[in-house]
Amino acid sequence: MYQEKKVIERKICYDTSIVEHTCRLLKRDLKQLILLHKIERAFTMMVNQREVIIPKGSYTFAYYWENQPYNLYFWRDVKGNNLGSYFNLVKNTTVTDDMVIFEDLIIDMFVFPNGEFFMLDEHELPEPLNEFENGFVIEALVQLTSNMEELIQQAKVDCEWLFTKEGGRVW
């Protein structure tokens, strides 16, 4: 049985507003933190003019690294089907015993289950992408795209194990 420890995810938005979610700790080691969050309300987002729906009851397997400029939300439905992967570009990720805090850098990347991916929210930037955060975001995008496939593959393996281990119930 997994640890039942709760961890707060605190996202500091670029406008300094704060969004928090209570999550379940799945794994913590020196390299990464993996949390689980059950989706209580369905939500929809537009990705390259396609509607992506994350239904109520789905799960977010959230991956955080203190030394990387991104985090990963890997979404599965209640049957374990891959709904997509969502990378936040971030800075200043800090992990404590009961909280993970990161500063969101507006730009996100959505990856469909077939591997097709799209950058999101560039229209929200206060300046051109190549100048935003003194070029840090462009560098983060390059690093992310070179690691993206490997990160998603690892998340798939982790989730398969969790669904098998828990008999399809992870919460």
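**Notebook: pockets and rings**

I started with the largest pocket: 23 residues line it, and Lys11, His21, Phe43, Tyr73 and Trp75 lie nearest its centre. Note to self: this is a predicted model.

I looked up the volume of the largest pocket next and got about 490 Å³. Then I sorted its lining by class and found 12 nonpolar, six charged and five polar residues. Which strand supplies the largest share of that lining? I found that it is S4, with four residues. S1, S2, S3, S6, S7 and S8 are also on my list, as each of these strands supplies at least two lining residues.

On to the second largest pocket, with a volume of about 210 Å³. Its lining includes Tyr63, Trp65, Asn147 and Glu150. S7 and helix H1 (136-165) are the elements that give two or more residues here, and H1 gives the most, with four. By class I noted five nonpolar, four polar and one charged.

Then the rings. My search of the whole structure turned up 11 aromatic pairs. Why does the pair Tyr73 and Tyr86 count as stacked? Their planes are at 5°, and under 30 degrees counts as stacked, so the label fits; the ring centres are 6.3 Å apart. Tyr73 sits in strand S7 (residues 70-76) and Tyr86 in strand S8 (residues 82-95), so the pair links parts of the chain 13 residues apart. I checked burial too: Tyr73 is buried, at 12% relative accessible area, and Tyr86 is buried at 12%.

I also traced a cluster, in which ring pairs link Phe43, Tyr73, Trp75, Tyr86, Phe110, Phe112 and Phe118. Last entry: Arg50 lies over the face of Phe112, 3.9 Å from the ring centre.

Notes:
Residues are numbered from 1 along each chain as its sequence is written. This is a predicted model: local features need pLDDT of at least 70, side-chain atom pairs count only at pLDDT 80 or more; totals for chains, interfaces and linings use all residues. Side-chain values use heavy atoms; hydrogens and water are left out. Rings of Phe, Tyr and Trp (its six-membered ring) pair if their centres lie within 6.5 Å; planes under 30 degrees apart count as stacked, over 60 as edge-to-face and the rest as tilted. Buried means under 20% relative accessible area, exposed over 50%, partly exposed in between (1.4 Å probe, protein chains only). A charge sits over a ring if NZ of Lys or CZ of Arg is within 6 Å of the ring centre and within 35 degrees of the ring normal. On a 1 Å grid over the protein atoms alone, a cavity is a set of points where a 1.4 Å probe fits but cannot get out, and a pocket is an open set with protein on both sides within 12 Å along at least five of seven lines; lining residues have an atom within 4 Å of a point. Grid points are joined across faces, edges and corners, and a volume is the space filled by probe spheres set on the points. Ala, Val, Leu, Ile, Met, Phe, Trp, Tyr, Cys and Pro count as nonpolar, Asp, Glu, Lys and Arg as charged, and the others, Gly among them, as polar.
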